[in-house]
Amino acid sequence: WPDIDYIPEFKKGKIISAANDGEGNVMIILEKVDQKDFENYLESIKKDFPEETNEMQMEEYLLFEGKNAAGEKAVIQYFIGDKSLTIIGNRESE
């Protein structure tokens, strides 16, 4: 898991890629993620990023994006078919 303090760690599944630009912007891709584990994590993310939220649910794809009071953004995308999860964190540059 990248060294990032504003996005809670997702402790299930298997990380296949993690990128961190050193300025607070991260992208983590996981596989073998059960939908129930994603949904539990989503509830936590919704509490941490309650502003400017957007949710989308399609047959094969679930997406949530939100912002916190510090201006940090989180986007989580879950692909039902291949059980993969992408977590993107963006910290506004000063």
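**Hairpins, core and one loop residue**

I'll start with the hairpin of E5 and E6: four residues, 4 by count, sit between the strands, and Lys83 takes a positive phi near 55°. Before going further, note that this is a predicted model.

The two strands of that hairpin run antiparallel, and 7 bridges join E5 to E6. To give one pair, Lys73 has Asn90 in E6 as its bridge partner.

E5 also pairs with E4, again in the antiparallel sense, over 7 bridges. Here the bridge partner of Glu65 is Val75 in E5. E4 and E5 form a hairpin too, with 5 residues between them. In that turn, Gly71 has a positive phi of about 90°.

Is E5 enclosed or open? E5 is largely enclosed by the rest of the structure, because 5 of its 7 residues are buried.

Now the core. The largest nonpolar core has 20 residues. Which of them touch the most other members? Those are Ile7, Phe38, Ile76, Leu85 and Ile87. At least two core residues come from each of these elements: strand E2 (26–31), helix H1 (35–48), strand E4 (61–67), strand E5 (73–79) and strand E6 (84–90). H1 gives the largest share, 4 residues.

Take Ile87 from that list. Leaving out residues up to four places away in sequence, Ile87 touches Trp1, Ile7, Phe10, Val26, Met27, Ile28, Leu30, Tyr41, Val75 and Ile76.

Val26, one of those contacts of Ile87, is in strand E2. Is Val26 buried or exposed? Val26 has 3% relative accessibility, so it counts as buried, the cut-off being under 20%. With residues up to four places away again not counted, Val26 touches Pro2, Ile4, Ile7, Ala19, Asn20, Ile87, Ile88 and Gly89. As for Glu65, which came up in the pairing of E4 with E5, its C-alpha atom is separated by 14 Å from that of Val26, and the two residues are 39 residues apart along the chain.

Last, Asn25, in the loop between strand E1 (14–20) and E2. Its side chain makes a polar contact of 2.8 Å with the side chain of Asp21. A polar atom of the Asn25 side chain also lies 2.9 Å from the backbone nitrogen of Arg91. What else is Asn25 in contact with, leaving aside its neighbours within four places in sequence? Besides Arg91, the list holds Tyr6, Ala19, Asn20, Gly89 and Asn90. Asn90 is the residue we met as the bridge partner of Lys73.

Conventions. Residues numbered from 1 in each chain as written. Predicted model: local features only at pLDDT ≥ 70, side-chain atom pairs only at ≥ 80, totals over all residues. Heavy atoms only, no water. Core = buried A, V, L, I, M, F, W, Y, C linked by side-chain atoms within 4.5 Å. Buried < 20%, exposed > 50% of the residue type's maximum accessible area, 1.4 Å probe, protein only. Contact = heavy atoms within 4.5 Å. Polar contact = N/O pair within 3.5 Å; in protein donor to acceptor, adjacent residues only side chain to side chain. Pairing = 2+ DSSP bridges.
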